[in-house]
Amino acid sequence: MESPQAVPEHRSASRSEGHLCGAKLKNAKEMPIGSAITTPGSAAEYKTGSWRNYRPIHDKAKCTNCLFCWLYCPEGCVKVKDGKFVEFDYDYCKGCGICAEECPVKEKAIKMVEEGK
Amino acid sequence: MANKIAALTGNNAVAYAMRQINPDVVAAYPITPQTEAVEEFADFVANGLVQTEYIPVESEHSSMSACIGASAAGARVMTTTSSAGFALMWEMLPIAAGLRTPVIMYVANRAFSAPLNIHCSHDDTMGGRDTGWIQIYSENAQEVYDNMIQAVRIGEHLDVRLPVMVCVDGFIISHAVERVELLEDDVVRKFIGPYKAVNPLLDVSKPVTIGAIGLPDYYTEHKRQHSQAILDAKPRILEIAKEYAAVSGRQYGLFESYKLSDAEVAIVIINSAAGVAKMVIDELRAKGHKVGLLKPRIYRPFPKEEIRDALKHLKAVAVMDRTDAFGAGATPTATEVSAALYGLPKVPLMINYVYGLGGRDISPADIQGVYNRLFDIAKTGKITGKVFDYLNVRD
């Protein structure tokens, strides 16, 4: 399975290089036949956080630890310990903004900031 | 090996093979001209001659869906269809292939509407030739019986794992009574062996997800894997044919060559019309004409290199199809054969005919006319008249 001709590195398609989010992707000979997934729970390997356009930023000083963000997060990306907010799981947070929307603190303890800014 | 001999229609022969195969699940919907095969099989189920779970579905979309599900669960699965039924399955056909479920399907080839027609064209399976299935074409009742049995081994082979459709001409063969040599039940069962599914859904000790999403980062590699698998099926098909010859005495290849090796001109034609052509060849050979025939059997994977080698010595060849590829200006088999011959230093001159649509008979005189034209082309070294044409049509 060779490419017909060499392509300059900067022109090659990132998807065919076999890397996404730093993970090595399997080639056509390595994959399970018929796209069967034989490892239960393997979805965890797919870091869906790469879809995110806006990232939630937590302000510890304003947070009352009401944990509405933990309750509403559709992806379980709010980590909590001993009844207190710890951090967001940016590997899987898709930046939907529900946590920021639902944060009941008047001054908002969660703000959505555009990725890359 | 004393084979049993019976007078059977093509549909009877298919039902007989299905009874001997005794699949775990059959999900099918009746459509002319395939109906008789699945009706007869339903009788076998009702009479306890098979242990098959028969699912009477409400459409062909459902029959193929049920087959895919049952196959993924780990069952040996079969179905049957024709024409519009095949078209209604269409959405599911690439899914059966993409999931690599070895569903075996009998297709009695029938024309597409409109106008409504229940008779033979190859519109259905020729249209579906790129759905990722293995395709086997059969000239007569004997061949469809033999191909059904071999299809099980081909589809389930661990290097292949693909669905297989076995095609025969609707009515012309499906409803005509012929002499058929049948194997004993235990010979067939020993030949096909038990089915051992890979990653069956019903094995709860090894959880598996079937039919997951494949986004741009993986989709291409899945298609590449499938593409290689179907191309690599060729040697497996030949090995299985050899084993089948040992138990049946009937040897099959990727295609049949009839008096082709020393021929100067030849016709390439699939299914029942090849029988008419062979008769005409015998008559022309008796008069000293060097004529031959190539009848494709395995159409997917298309035996490109083998067909190139078999045809390259010819002066002229006529490729004939029982379907049109509207707007292509060439029929499917002509396109395939042209691609196979491309790059040869000297390519045989080629003409292309659409014939026999919607069950129109193709007579020995029609075939003789094609050979006469090939004689002229071979003699003059050039094609006069149309390269692509309809045969026996009121223009």
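Here is a short back-and-forth about the predicted model above.

Visitor: What should I know about numbering and cut-offs, and what pLDDT does chain B average?
Guide: Residues count from 1 along each chain as its sequence is written, with chains lettered from A and ligands numbered from 1 in the order written. This is a predicted model, where local features need pLDDT of at least 70, side-chain atom pairs count only at pLDDT 80 or more, and totals for chains, interfaces and linings use all residues. pLDDT is the predictor's confidence in each residue, from 0 to 100. In chain B, 99% of the residues score at least 70, and the average is 97.

Visitor: Which helix gives the most to the side of chain B that touches chain A?
Guide: Contact here means C-beta atoms, placed from the backbone, within 7 Å. On that basis 18 residues of chain B meet 14 residues of chain A. Helices are DSSP runs (H or I, at least four residues) and strands likewise (E, at least two), numbered from the N terminus. With 4 residues, the top contributor is helix α9 (residues 219-231) of chain B.

Visitor: Which element gives the most to the side of domain 1 of chain B that touches domain 2 of chain B?
Guide: The bounds, from an automatic or database domain assignment, are 4-248 for domain 1 and 256-390 for domain 2 of chain B. Their contact takes 28 residues from domain 1 of chain B and 21 residues from domain 2 of chain B. Elements giving two or more residues on the domain 1 side include α6 (123-127), β6 (134-138) and β7 (164-169) of chain B. Giving 5 residues, the answer is β6(B).

Visitor: Where does the largest nonpolar core lie?
Guide: A nonpolar core is a set of buried Ala, Val, Leu, Ile, Met, Phe, Trp, Tyr and Cys residues joined through C-beta atoms within 7 Å; buried means 20 or more other C-beta atoms within 10 Å of a residue's own, C-beta atoms being placed from the backbone. The largest has 121 residues, with Val164(B), Val166(B), Ala266(B) and Val317(B) making the most contacts inside it. Helix α7 (residues 141-156) of chain B supplies its largest share, 8 residues. Domain 1 (4-248) and domain 2 (256-390) of chain B both contribute, so this core lies between them.

Visitor: Which residue in β5(A) stands opposite Lys79(A)?
Guide: Strands pair if DSSP finds at least two bridges between them. Strand β4 (residues 78-81) and strand β5 (residues 84-88) of chain A pair in the antiparallel sense over 4 bridges. These two form a hairpin with 2 residues between them, and Asp82(A) in the turn has a positive phi of about 50 degrees. Opposite Lys79(A) in β5(A) stands Glu87(A).

Terms used. Two residues are in contact if their C-beta atoms, placed from the backbone, lie within 7 Å. A residue is buried if 20 or more other C-beta atoms lie within 10 Å of its own, exposed if 12 or fewer, and partly exposed in between; C-beta atoms are placed from the backbone.
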